[in-house]
Amino acid sequence: MEQKLKTDFDKFINNSNFSNQEIKLKKEALDNFLKNGFPSRKLENWKFSDINQIIQKNIGELAFYNNYNIENEINDNIFIKEIEHNKIVIVNGKVERLSFEYEEKDKINLSSLDNFNQNLNDDNSLLSLNNSFSNKIHNILVKKNYSFKKPLIIYQITNEKVSNTNINFQINFELEENSSIKIINLSDDNSEKNFINNLFNFNLGKNAILKNYKIDIKSNANIKYDYSNIIQKENSISEIFIFSSGSDYIKNEVSCNLEGQYSSAFINGIHLLSKNKHHEIRTNTNHLYENTKSYQLIKSVINDSSKSVYQGKIYVDSKAQKTDGYQLSKALLLNEQAEFNAKPELEIYADDVKCSHGSASGSLDDNSIFYLMSRGLNQTTAKELLINGFLLDVVEKITDDEIKKLLKNMIGLN
Amino acid sequence: MLKINNLNAKIQEKIILSGFNLEIKPGEVHAIMGPNGSGKSTLSNILSGKKGYEVSGEVLYENKNLFDLETEERAHKGIFLAFQYPLEIPGVNTNIFLKTSLNSIRKAKGEKELDALEFLKLVKEKAKELKFDEEKLNRQLNVGFSGGEKKKNEILQMSILDPKLSILDETDSGLDIDALKIVADGVNALRKKNNSFLIITHYQRLLDYIKPDFVHVLMGGKIIKSGGAELAIELEKKRI
């Protein structure tokens with residue numbers, strides 16, 4: 001793999017026009033990845049989802065070269081019709097369209113970054129891989145006091161032109177003081193057997209609000225890692241909602257760094273898995289200052305021989321007195337082969353904090369099924385109603401009514 | 001309507017009903033009384049199709065073998081069980097549940113399903129009759145309902161579904177006298193020529209408001225005594 005990485009990297013650099021500084025950083029990132037390789041279960045973070053093995057078993061040899069000079073056609077049919085929205089369309093890791101048609105142009109600044117976040121590299125080799133092979137990084141800056149009028153939908157598309165390939169994508173959002181944005185990430189995969197590695201960086205200024213809904217519904221045989229790193233200043237709010245059911249394998253990782261007082265992070269997620277899928281959510285909420293708050297509610301419905309994993313860590317710095325942290329994960333196992341793993345973690349260095357966590361798993365209650373069937377519902381409908389009921393409170397956490405309605409329809413919950 | 005011949009039931013090798021016989025004709029109201037553990041709830045569970053019992057004997061419902069019917073088919077054919085302990089179903093809206101239930105039954109009967117407006121009209125009317133707080137219909141099914149509200153909700157479901165054979169499993173327990181009257185009114189309103197009732201109870205007081213045609217005493221898994229409404233009063237006196 002090492003030789004392949006090096007050759008593909010050279011080919012990639014030769015076919016792009018990065019600055020010397022960028023090339024230097026990319027080389028460093030590549031060296032870091034070469035040193036560590038794909039994460040395996042030996043690492044605590046990856047103990048339930050050995051991505052090294054998963055890639056080997058399901059893809060085998062990966063290509064790392066991705067030609068960003070190809071123009072990809074976009075079929076407008078895939079766009080959501082129900083709500084007016086701004087768009088970013090990414091095809092095979094390349095940004096093909098950025099349209100902020102509903103916004104005031106002078107309130108948003110679009111640029112490309114030639115410097116990426118080096119400190120992320122340290123212990124996550126996939127971020128190094130991303131840094132070395134991702135294309136130009138777009139930076140979207142929302143200016144002070146500006147709130148997006150319409151949501152932004154990021155269409156993450158892959159087409160049949162790529163297979164057995166590693167696709168890396170990275171984007172930055174900077175929300176200045178008092179600004180806000182709502183983002184829906186929507187995967188649309190028409191490819192298979194790729195390893196897709198996405199990185200989203202968010203920088204939230206004072207009082208800024210980020211609402212981010214990440215939806216992976218379309219069935220596909222790709223392997224995905226999706227990392228969101230959120231830095232939050234005073235009084236800022238992040239609301240993350242993850243719904244995944246489509247990809248064969250996906251690990252969604254969210255890190256919220258609550259650096260300013262009264263900042264808060266809400267991360268809620270649903271896994272709805274059948275056949276032979278393996279999905280993981282990992283959350284790191286880092287309370288780094290006084291009076292910060294975090295909340296996580298994760299629910300999984302697991303059928304057939306699928307596997308759901310939730311790893312949730314709440315870290316409380318010695319400075320972070322008056323922290324309020326809450327975490328709950330619940331799983332509904334629909335048959336014998338289904339598997340749920342939860343690893344809640346609290347690491348607390350302050351003495352005046354309120355933190356709680358819990359995890360529970362079980363099967364559908366036979367008495368409840370009997371109750372519903374005695375009212376004329378067949379077994380399938382009765383089970384569906386109970387599963388919907390189980391998941392509903394997670395969806396109800398979505399604070400934007402328009403998006404809540406859209407997503408409820410999209411994922412088939414009433 | 002319902003004919004039970006020599007019904008025996010076991011659960012995990014424990015005999016609960018043995019040699020149980022009962023016949024209910026259209027329009028009749030039967031009350032079954034008996035001490036705890038005499039098999040009253042088992043009887044209602046078996047009639048509505050709960051799994052987990054080892055059963056032998058014969059139960060004919062409208063001259064057909066009841067055991068050939070799945071739980072939901074029994075509901076489609078007009079059997080209704082008001083649960084002793086109605087279940088709380090988190091995340092399921094009461095109105096949506098009621099509508100799904102009613103339309104499943106209407107569909108099975110070959111009747112037109114009600115649309116949202118028709119359904120709401122019906123449910124409002126019935127809720128009003130039973131003095132059931134309409135606002136509760138928009139809540140999750142039975143979640144956070146008081147004991148009395150849960151029981152009233154059972155009767156509301158019964159009156160919306162309009163069953164032929166209603167089995168009331170200790171519907172009176174935990175009800176205050178006002179709630180008891182409302183529940184009884186609900187039952188009496190459904191007491192038409194062809195609707196039958198099987199009322200399972202500990203106490204005679206519900207029977208002050210719903211006058212049964214027959215009273216049976218269940219003990220040790222079978223009926224040991226049958227009589228008219230006066231039997232309930234007699235039993236109550238003996239207990240004192």
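**A tour from B:Ile199 outward**

Begin by selecting B:Ile199 in this predicted model, and then add the residues that B:Ile199 touches beyond four places away in sequence, namely B:Val29, B:His30, B:Ala31, B:Leu168, B:Leu206, B:Ile210 and B:Pro212.

Next, widen the view to the largest nonpolar core, which has 156 residues and in which B:Ile199 is among those with the most contacts, together with A:Ile90, B:Phe80, B:Ala82, B:Ile167 and B:Val183. Which helix gives the most to this core? Select residues 379–395 of chain A, and you will have helix α6, which gives the most, with seven residues. In soluble globular proteins, nonpolar side chains tend to be buried together.

Now turn to the place where the chains meet, where 21 residues of chain B are in contact with 19 residues of chain A. On the chain B side, select α2 (71–76) and α3 (94–108), the elements that give two or more residues to the side touching chain A; the largest share, six residues, comes from α3(B). If you colour this side of chain B by class, its residues divide into 10 nonpolar, nine polar and two charged.

Finally, stay within chain A and select helix α2 (residues 20–36) and helix α4 (residues 125–133), which pack at an angle of about 145° with their axes 8 Å apart, and where α2(A) passes α4(A) in a left-handed crossing. To see the contact itself, show A:Leu25, A:Lys26, A:Ala29, A:Leu30, A:Asn32, A:Phe33 and A:Asn36 of α2(A) together with A:Ser125, A:Ser128, A:Leu129, A:Asn131 and A:Ser132 of α4(A); by class, this contact has five nonpolar, six polar and one charged residues.

Note on methods:
Residues numbered from 1 in each chain as written. Chains lettered and ligands numbered in written order. Predicted model: local features only at pLDDT ≥ 70, side-chain atom pairs only at ≥ 80, totals over all residues. Core = buried A, V, L, I, M, F, W, Y, C linked by C-beta atoms within 7 Å. Buried ≥ 20, exposed ≤ 12 C-beta atoms within 10 Å, placed from the backbone. Helix = DSSP H or I, 4+ residues; strand = E, 2+ residues; numbered from the N terminus. Contact = placed C-beta atoms within 7 Å. Nonpolar A, V, L, I, M, F, W, Y, C, P; charged D, E, K, R; others polar. Axes fitted to C-alpha atoms, helices over the stretch in contact; angles between N-to-C directions. Left-handed = near helix turned anticlockwise from the far one by under 90°.
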